[in-house]
Amino acid sequence: MSTTQSERLRELLEPLVSSQGLDLEEVEVDSVGRKRVLRVVVDSDTGADLDQIADVSRALSAKLDETDAMGEGEYTLEVGTPGAERELKEHRHYVRATDRLVRFQLTEASGAGELIARILKVDDTGVDVEVPGVKGRKPTAKRLAFEDIAKARVQVEFNRKNKTDEQDQHDEQDQQDVREEHETHEENAEEA
């Protein structure tokens, strides 16, 4: 897709996406044989549910039908959200990835290399991250300036407990401790 077509599609579609309370993240046209596919990726701070995606899809389809932005040929419109391993490019992407594990590719100027860390806090100049401990070591805090990050991509975590799971586990342990303490008091009372 030419830059001109990409810019034209973005200018055409962005106001419609914004009117639905979403951000337009990507616009991409692919050709598969004789078929063309227009992929539109949308997102928001709270994510996008299926109803929002359906509403945006209908609005975009109607707008595209009344313009010649896609030309005369047939095409398929696909509207979706960023994938689980989304790339972080904009400030808002980093904010939305707070508390997520991210693979950072660092620039040559910052010593290059790769770092996998959890985003703790995002501000205007960079991110505060926690690098997980390895082999029994404690996690360490680190600051990454945006200019030191060449690429960043969210990582999928299959077995991470979220904060409510951890709280439930602590509550369950507290209840167990209370039951054990109660049983100990009953045994002491019987012995006396």
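In this predicted model, the strand that contributes most to the lining of the largest pocket is β2, which supplies four residues. Alongside β2 (35-43), the elements that each give two or more residues to this lining are β1 (23-32), β3 (75-80) and α3 (91-96). The pocket itself has a volume of about 390 Å³, and of the 21 residues that line it, those closest to its centre are E25, E26, V41, P82 and E87. When the lining is sorted by class, 13 of its residues are charged, while four are nonpolar and four are polar. In general terms, empty space of this kind is revealed by rolling a probe the size of a water molecule over the atoms.

The three strands named among the pocket elements also belong together in a sheet, for β1, β2 and β3 form an open sheet in the order β1-β2-β3, and the pairing within it is mixed. Because β1 and β3 stand at the edges and each has a single partner strand, one side of each is left without a neighbour in the sheet. Between neighbouring strands of this sheet, the average turn is 15 degrees, with direction ignored. Strands β1 and β2 run antiparallel and are joined by nine bridges; within this arrangement, L24 has V42 of β2 as its bridge partner. Helix α2, which spans residues 50-65, lies across β2 and β3, and its direction makes an angle of about 150 degrees with β3.

A further open sheet is built from five strands, arranged in the order β7-β6-β5-β4-β8 with antiparallel pairing. Its edge strands are β7 (140-145) and β8 (149-154), each of which pairs on one side only. In this sheet, neighbouring strands are turned against each other by 45 degrees on average, again with direction ignored. As a rule, the strands of a sheet pair through backbone hydrogen bonds, in either a parallel or an antiparallel sense. Here, strand β5 (residues 114-122) and strand β6 (residues 126-131) pair in the antiparallel sense over four bridges, and the bridge partner of I119 in β6 is V129.

The confidence of the prediction should be kept in view when these features are read. The mean pLDDT of the protein is 82, and 81% of its residues reach 70 or more. Over residues 164-186, however, the pLDDT is below 50, and this stretch has two contacts in the model beyond near neighbours in sequence.

Technical notes:
Residues numbered from 1 in each chain as written. Predicted model: local features only at pLDDT ≥ 70, side-chain atom pairs only at ≥ 80, totals over all residues. Heavy atoms only, no water. pLDDT = per-residue confidence, 0-100. Contact = heavy atoms within 4.5 Å. 1 Å grid on protein atoms, 1.4 Å probe; cavity = no way out; pocket = protein on both sides within 12 Å on 5 of 7 lines; lining within 4 Å. Points joined across faces, edges and corners; volume = space filled by probe spheres on them. Nonpolar A, V, L, I, M, F, W, Y, C, P; charged D, E, K, R; others polar. Pairing = 2+ DSSP bridges. Axes fitted to C-alpha atoms, helices over the stretch in contact; angles between N-to-C directions.
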